[in-house]
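Please consider the sequence and the model together. The explanation below leads from the overall fold to a single helix.

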Amino acid sequence: MKCEHKSCGNKEKVWLPFTSREIEHGLKSHPYCVHCGAVKNISSDMPKRIGYYINIISHIRKNFRISDVQVRLIVNELITEDFEDPYWTTRSAQERMFLAALNKYCNLPENAVKPLLS
Ligand SMILES: [Zn+2]
């Protein structure tokens, strides 16, 4: 079941490497979830809602020839419990999953898709 994360108090925070856009910037104190232990992503590399990616997919569907079935398969691949979890996921990780799903089900040039993500 999906965890309704609850951050620990200030005193319990843990010092861990701080990563932003997948580059490490030394140690910072991070809150973690008292229920599942997930460490909170405190960088500005915050995940987007799934709707953001679904909009991009519908844009792609209009501009490239991909079928409704392909759209469905891609969306199914992205709908996982962790996809928009603000503790586990970063936007960089989402973009990797998104590009991997697109690659798996349709053969679009990456340089046509990447600009849509910014
Ligand atoms: Zn949790």
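The paragraphs that follow treat the chain as a whole and then one helix.

This is a predicted model. The protein chain contains 4 helices and 2 strands, and their order along the sequence is β-β-α-α-α-α. The C-alpha trace spans about 55 × 30 × 20 Å along its principal axes. Of the 118 residues in the protein chain, 9% are buried. Among contacts with a separation of 6 or more, 59% are made by residues 24 or more positions apart.

Helix α1 comprises the 14 residues 50-63. At 1.5 Å a residue, a helix of 14 residues should span 20 Å, and the end C-alpha atoms of α1 are indeed 20 Å apart, so the expected and modelled spans agree.

Which residues of α1 are buried? They are Y53, I57 and I60. These residues lie on the same side of α1, because they cover an arc of only 60° around the axis. Exposed residues are found on the face of α1 turned away from the buried side, which carries G51, S58, H59, K62 and N63. For orientation, a residue counts as buried when 20 or more other C-beta atoms lie within 10 Å of its own, and as exposed when there are 12 or fewer.

What covers the buried residues of α1? The covering elements include α2 (68-78), α3 (91-105) and α4 (110-113). Helix α1 thus presents Y53, I57 and I60 as its buried residues, with α2, α3 and α4 among the elements that cover them, while its opposite face carries exposed residues, including K62 and N63.

Definitions and conventions:
Residues numbered from 1 in each chain as written. Predicted model: local features only at pLDDT ≥ 70, side-chain atom pairs only at ≥ 80, totals over all residues. Expected span 1.5 Å × (residues − 1). Arc of directions from axis to C-beta. Contact = placed C-beta atoms within 7 Å.
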